[in-house]
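Work through the exercises below with the sequence and the model at hand. Each task is followed by a solution in steps.

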Amino acid sequence: DCSVITFFSESLFIVLRIAGPVAITLFLTNVALALMSRVAPQMNVFSVGLPLQMLVGLTMIIITMPLLGAVLPEIYAQTPHELDTVLRHMQPVPAR
């Protein structure tokens, strides 16, 4: 049904809005570490990369936490109505 597809597509969009900045930043950190590995092969990227990724990830989470205040009220306002619509459209399959 169209409402079920709409519900799940909007859910995916919400997840991308929340996790997108952190995921993009960590991806760019991995790209920078890969370039560092190519430029300085004698440097152990794993010993530098793991703490760096943890630091960057936690920093981005701290930075983006206040921004959730703009996203979450909209999500919480829409979710009950959308979930009700999805559950009403999910009909059991008749037995044969």
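**Exercise 1.** Place Ala23 and Met60 in their helices and classify both by accessibility.

Step 1. Ala23 belongs to helix α1, where helices are DSSP runs of H or I with at least four residues, numbered from the N terminus. Met60 belongs to helix α2, residues 45–64.

Step 2. Buried means under 20% relative accessible area, exposed over 50%, and partly exposed in between, with a 1.4 Å probe and protein chains only. Ala23 has 46% and is therefore partly exposed; Met60 has 16% and is therefore buried.

Step 3. Ala23 and Met60 are 37 residues apart along the chain, and their C-alpha atoms are separated by 9.3 Å. For Met60 and Asn44, 16 residues apart along the chain, the C-alpha separation is 24 Å.

Step 4. With neighbours within four places in sequence left aside, Met60 is in contact (heavy atoms within 4.5 Å) with Pro21, Val22 and Thr25.

The model is predicted: local features need pLDDT of at least 70, side-chain atom pairs count only at pLDDT 80 or more, and totals for chains, interfaces and linings use all residues. Residues are numbered from 1 along each chain as its sequence is written, and side-chain values use heavy atoms, without hydrogens and water.

**Exercise 2.** Compare the settings of Thr29 and Ile24: is each buried or exposed?

Step 1. Thr29 lies in helix α1, and so does Ile24; this helix covers residues 2–39.

Step 2. Thr29 counts as buried because its relative accessibility is 10%. Ile24, at 53%, counts as exposed.

Step 3. Beyond residues up to four places away in sequence, Thr29 touches Leu52, Gln53 and Val56.

Step 4. Ile24 contributes to a nonpolar surface patch of about 510 Å², together with Phe27, Leu28, Val31 and Leu35.

**Exercise 3.** Find how many salt bridges the whole structure has, and describe what is found.

Step 1. The criterion is a side-chain nitrogen of Lys or Arg within 4 Å of a carboxyl oxygen of Asp or Glu. The search finds one salt bridge.

Step 2. The partners are Glu74 and Arg17, at 3.5 Å from N to O. This pair links distant parts of the chain, with Glu74 in helix α3 and Arg17 in helix α1, 57 residues apart.

Step 3. Glu74 is partly exposed at 35% relative accessible area; Arg17 is also partly exposed, at 33%.

**Exercise 4.** Check the length of helix α3 against its expected span, then locate its bend.

Step 1. The expected span is 1.5 Å times one less than the number of residues. For the 22 residues of α3 (residues 68–89) the span should therefore be 32 Å.

Step 2. The end C-alpha atoms of α3 are 30 Å apart, which agrees.

Step 3. A bend is the angle between axes fitted to the seven residues ending at a residue and the seven starting there. α3 bends by about 35° at Thr79, and Pro80 follows within four residues.

Step 4. The buried residues of α3 are Val71, Ile75, Glu82 and Val86.

Technical notes: Helices (H or I, at least four residues) and strands (E, at least two) are DSSP runs, numbered from the N terminus. Patches are made of residues with over 30% relative accessible area and no salt bridge: like charges are joined within 9 Å, nonpolar side chains (Val, Leu, Ile, Met, Phe, Trp, Tyr) within 5 Å. Accessible areas come from the Shrake-Rupley method with a 1.4 Å probe; for residues, only the protein chains shown count as cover.
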